[in-house]
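Let's take a friendly walk through a protein model and the molecules it holds. Keep the structure open beside you as you read.

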Amino acid sequence: MGGPIPALDARARSCAERLARAERVLLASHIDADGLTSAAIAAEALDRAAIPFETVFAKQLDPDAIAGIAERDFRTVLFTDFGSGQLDDIADHEAAGAFTPVVADHHQPADAGTEFHLNPLLEGLNGATELSGAGTTYVLARALGSEMRNTSGTASGEERSDELQADNRDLAALAVVGAVGDMQDSSGELVGANREIVAEGVDAGVLAETTDLALYGKQSRPLPKLLEYANDVRIPGISGSERGAIGFLSDLDIELERDGEWRRWVDLTADERQTVASALLQRAVARGVPANRIDDLVGTTYTLTNEAEGTELRDASEFSTLLNATARYDRADVGLAVCRGDRDDALDEARTLLTNHRKNLATGLDWVKEEGVTQGEHVQWFDAGEAIRETIVGIIAGMALGTDALRGDRPVIAFAAKNDTESKVSARGTHRLVRSGLDLSAVMGEVARALGGDGGGHDVAAGATIPKGDEEAFVERADAVVADQLG
Ligand code: C5P
Ligand code: C5P
Ligand code: C5P
Ligand code: ZN
């Protein structure tokens, strides 16, 4: 039976067959929203296939992390949302007989081969925009579902009686959360192979897609906060101003509070939403927001239809932020439990972590705005040192690139202290720059290795680890490589 992405069928089937033969599996994944949803999808699929497994998370799959995995006594290791970029190292362990790797990833592959390797880039699909780690793992989960049904004949066993669960299509919702978490919808909607996954999720009744206001927080933010914090498209007089946001809403003919509480976007009727949206567009036009930015105010919203209304889990974008709030603070266990259905303790804990994450993002963004960035010839950069946690400096660099504080026509390189001897580097670009030749994955990899570090990622977003003190040398070299790419 074919999977959702025909180009990946053969690889997915071969990986699934290998997993089905495993006595037990070590599942290793990346600590961000995409990595957590990847792990959750893989965990569900392995459980349903009755394959025992244990889970480990890593911030970066560096040589130490891989060596640690090799020391665990597992013959089969499933890497999700990382692994491709470290295949050279992984292949060495494989050759030494440590384990057989099965890789489901969407990062730029290193120059090494392995037998069980599922990655959209190997089949000409774009790993930054068309398929995420979670999407790739979903393709694998679908293949594993088919594999189990083939080997067991008819759907057997109580737990697999449900046809939907047996073919793993219900996991499409988590795959979409992962894709949105990696910002693969930054053009306004999911595209490419991701669309097939959305279609399966809609078909399976776990997802809905609607055209709606493209603001973050439609489920859980009070209306004024929804508008005040909208920093993707800034509307003069409203964005960044609590008074402005409340004033704007008060002029509209809608009820703003109920039982002494602000209403949220989800609480509005369709008519009321229309009223707010049109007024917002009118205001944007009147205040001279350029037409292409105004288009960005409307986009596709992905709703997890089985989640309760007004919770972060119902909106793919809010769900992904909730997950980053756990994983980026060493609490991947909490995020994984939420993905796997814990709606009590884990969700409570995740919400506490989210409050903290939001505060850190806001503080970090303010720091960048205050300190400003340094312009090179082809890149702009800032060094946050200890001021921003290294696990979120990339998110903040991406948010900053969307503000007036930075130039929009060149990539940003951000540094943060990692430990006594190393610095973390995060780089973010725009799709327009990528179309002109920018490939930050190549920049980060090449320059970091020249300085004795390592890096990689995607064309539009990448990262690296380098020796502490080499920041300026890094900028200088990166500037030259970017000049080459764009020249
Ligand atoms: O490891 P990984 O693939 O998860 O990280 C993807 C990162 O790239 C995310 O932090 C996301 O914010 C960033 N990204 C971006 N713009 C894109 C695609 C990804 O900033 N268009
Ligand atoms: O944390 P994550 O990268 O998932 O956040 C996604 C987006 O959510 C950010 O780029 C930002 O636009 C929005 N956000 C926000 N205010 C916050 C947290 C997130 O606007 N406090
Ligand atoms: O950490 P950050 O959000 O900046 O990561 C951006 C992208 O670069 C992610 O996809 C991440 O997996 C990748 N990366 C990498 N090697 C590193 C650091 C980040 O491949 N050393
Ligand atoms: Zn990813």
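## Buried or exposed?

A residue counts as buried when its relative accessible area is under 20%, and as exposed when that value is over 50%. The model in front of you is a predicted one, so please keep that in mind as you explore.

Let's try the cut-off on Arg328, which sits in the loop between α13 and α14. Its relative accessibility is 18%, so Arg328 counts as buried. The side chain of Arg328 also makes a polar contact of 3.4 Å with the side chain of Asp32. Remember Asp32, since we meet this residue again beside a ligand.

## A covered strand

Strand β1 covers residues 25-30, and six of its six residues are buried. Val25, Leu27 and Ser29 point one way from β1, while Leu26, Ala28 and His30 point the other way. The residues on both of these sides are buried.

Which strand pairs with β1 in the parallel sense? The partner is β2, residues 53-58, and the pairing runs over six bridges. Within this pair, Ser29 stands opposite Phe57 of β2.

## Around ligand 1

His30, which we just saw in β1, is one of the residues surrounding ligand 1. Others in this shell include Asp32, His107, Asp182, Met183 and Arg428. By class, the shell has three nonpolar, six polar and three charged residues. Domain 1 (6-153 + 169-186) and domain 3 (372-486) each contribute at least three residues to it.

Now look at some distances. A polar side-chain atom of Asp32 is 2.5 Å from an oxygen atom of ligand 1. For Asp182, an N or O atom of the side chain lies 2.9 Å from an oxygen atom of the ligand, and for Arg428 a polar side-chain atom lies 3.3 Å from a ligand oxygen. On its own, ligand 1 has 470 Å² of accessible area, and the protein covers 89% of it.

## Around ligand 3

Two residues from that shell, His107 and Arg428, are also among the closest to ligand 3. In total, 17 residues surround ligand 3, and the closest also include Lys424, Ser426 and Gly463. Where does ligand 3 lie with respect to domain 1 and domain 3? Both domains give residues to its shell, so ligand 3 lies between them.

The side chain of His107 has an N or O atom 2.8 Å from an oxygen atom of ligand 3. Backbone atoms take part too: a polar backbone atom of Gly456 is 3.2 Å from a ligand oxygen, and one of Gly457 is 3.3 Å from a ligand oxygen. The protein covers 87% of the 460 Å² that ligand 3 has accessible on its own.

The strands β13, β14 and β15 each supply at least two residues of this shell. The largest share, five residues, comes from β15. By class, the shell has three nonpolar, ten polar and four charged residues.

## The sheet behind those strands

These strands belong to an open sheet of six, in the order β10-β11-β12-β13-β15-β14, with mixed pairing. β10 (374-375) and β14 (454-457) stand at the edges with a single partner strand each, so one side of each has no neighbour in the sheet.

Further in, β12 (residues 412-417) and β13 (residues 422-428) pair in the antiparallel sense over six bridges. Here Phe415 has Val425 of β13 as its bridge partner.

## Around ligand 2

How many residues surround ligand 2? There are 13, and those that come nearest are Arg221, Thr321, Asn324, His357 and Ile395. The helices α13 (316-327), α15 (345-371) and α16 (393-401) each supply at least two residues of this shell.

The side chain of Arg221 has an N or O atom 3.0 Å from a nitrogen atom of ligand 2. A polar side-chain atom of Thr321 is 3.1 Å from a ligand oxygen. Taken alone, ligand 2 exposes 450 Å², of which the protein buries 86%.

## Two unusual backbone angles

Most residues other than glycine have a negative phi. Met183 has a positive phi of about 60 degrees; this residue lies in the loop between α7 (172-181) and α8 (193-204). Asp330 also has a positive phi of about 60 degrees, and its place is the loop between α13 and α14.

Are these two buried or exposed? Met183 is exposed, at 55% relative accessible area, and Asp330 is exposed too, at 60%.

Terms used:
Residues are numbered from 1 along each chain as its sequence is written. Chains are lettered from A and ligands numbered from 1 in the order in which they are written. This is a predicted model: local features need pLDDT of at least 70, side-chain atom pairs count only at pLDDT 80 or more; totals for chains, interfaces and linings use all residues. Side-chain values use heavy atoms; hydrogens and water are left out. A residue is near a molecule or strand if one of its heavy atoms lies within 4 Å of it. A polar contact is a pair of N or O atoms within 3.5 Å; within protein, one must be able to donate a hydrogen and the other to accept it, and residues adjacent in sequence count only if both atoms are side-chain atoms. Accessible areas come from the Shrake-Rupley method with a 1.4 Å probe; for residues, only the protein chains shown count as cover. Ala, Val, Leu, Ile, Met, Phe, Trp, Tyr, Cys and Pro count as nonpolar, Asp, Glu, Lys and Arg as charged, and the others, Gly among them, as polar. Domain bounds come from an automatic or database domain assignment. Two strands pair if DSSP finds at least two bridges between them. Helices (H or I, at least four residues) and strands (E, at least two) are DSSP runs, numbered from the N terminus. Buried means under 20% relative accessible area, exposed over 50%, partly exposed in between (1.4 Å probe, protein chains only).
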